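Thanks, everyone; I would like to use these few minutes to walk through one interface between two domains. Please have a look at the model first.

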Amino acid sequence: MKQRCALAVSVVGLILFSVGALAQHELDVLYGYENGMTTVIQPQVQPVRQMVTPQPNTYLLDVGMDFFVPEGWQGFMLRSCRVQQVWISPGLVGNKSRVGTVFSSSSTTPNYFDLPYGGTPHHHFIFAANAPGVYVFDLKATNGVDFQGRALADMAHVYRIYMVAGNPNRLYGTVQPSARYVGSLYDLNLRVGLWSNGSEVDRSEQPVNPWAIYPYLMGFRTSGNVEVVAKLQKHLSVKVSRNLSGMQRQDWAFAVLGDTNEDDRIDEEDLQRVAHFFASSHPSGDVTGDSKVNLDDLLAVLTYYGQSGQGMR
Ligand SMILES: [Ca+2]
């Protein structure tokens with residue numbers, strides 16, 4: 001009986017130990033490679049994580065990073081890689097103890113971190129914000145070197161961690177650009193403003209990320225009946241009425257393309273820009289996202305010439 005007890009205790013201990021180890025690895029961002037490309041192996045579903053609130057107006061999230069060890073392997077898949085910030089929400093900073101702020105929307109912080117560091121690839125970053133909302137941290141794994149010392153290509157997609165501070169009302173969903181737009185959806189920012197009694201009371205902005213769990217997810221402190229005006233870069237805005245509460249799906253389709261200066265009108269200024277940059281690859285004149293300024297861009301502007309976004313009305 002005594003022996004059985006001891007066995008039971010050690011089995012429970014083993015399970016607890018395994019669960020503990022698994023839990024940590026499930027949450028850590030683990031880097032490896034796939035098809036000759038540096039990538040994030042886990043978590044495969046790009047996460048939405050709740051920040052903790054140790055005191056009022058402080059929201060924290062611990063993000064662990066490490067190299068992936070495939071089943072049956074004795075060591076890591078990678079020798080080294082760089083964690084490159086691609087985009088981060090204003091108001092969110094990623095700190096590392098004894099290093100300081102590594103990630104932020106300021107160009108005065110490094111905004112990348114090379115692994116391994118100090119002899120180990122396992123590091124923790126504390127992301128912090130001081131207001132409720134949904135924050136975004138977009139990263140790419142670059143400069144990868146595999147376990148045999150071979151150089152790897154950079155990650156082709158962008159990995160997104162959504163961080164939820166507090167319990168804001170949320171909108172999430174898909175974003176459909178104009179059929180004329182052929183570029184990457186990620187190159188376009190989505191700006192969502194909430195309007196009440198003729199003035200904007202809340203707003204959020206982030207790049208659309210087609211690889212994330214939701215292409216967009218935004219948090220708002222505003223509740224109740226509002227006009228929601230969404231504007232996708234280069235496109236004219238669209239507007240819907242919503243009663244904001246909890247987490248609600250709102251898919252967007254933007255049919256009208258050709259706003260080069262983001263004033264939500266397609267007019268002479270847009271025509272002038274396309275004309276000015278014609279036959280170049282300047283992004284200000286590239287409406288369709290093919291990195292060329294040509295007849296396609298001119299055609300889009302001419303087709304919708306004189307129109308303004310629904311948010312303008
Ligand atoms: Ca315009």
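How many residue pairs are in polar contact across the interface of domain 1 and domain 2? Before I answer, this is a predicted model, in which local features need pLDDT of at least 70 and side-chain atom pairs count only at pLDDT 80 or more, while totals for chains, interfaces and linings use all residues. Residues are numbered from 1 along each chain as its sequence is written, and side-chain values use heavy atoms, with hydrogens and water left out.

The rule finds seven such pairs, both residues at pLDDT 80 or more, where a polar contact is a pair of N or O atoms within 3.5 Å, one able to donate a hydrogen and the other to accept it, and residues adjacent in sequence count only if both atoms are side-chain atoms. Salt bridges across this interface, by contrast, number zero, taking a side-chain nitrogen of Lys or Arg within 4 Å of a carboxyl oxygen of Asp or Glu as the criterion.

As for the domains themselves, an automatic or database assignment gives domain 1 as 28–165 and domain 2 as 169–312, and their C-alpha centres lie 28 Å apart. The contact (heavy atoms within 4.5 Å) takes 16 residues from domain 1 and 17 residues from domain 2.

The area buried between them, meaning the accessible area (1.4 Å probe) lost on putting the two parts together, summed over both, is about 1,300 Å², with carbon and sulfur atoms giving 63%. On the domain 1 side, Val134, Arg160 and Tyr162 lose the most area to domain 2, together 35% of what that side buries.
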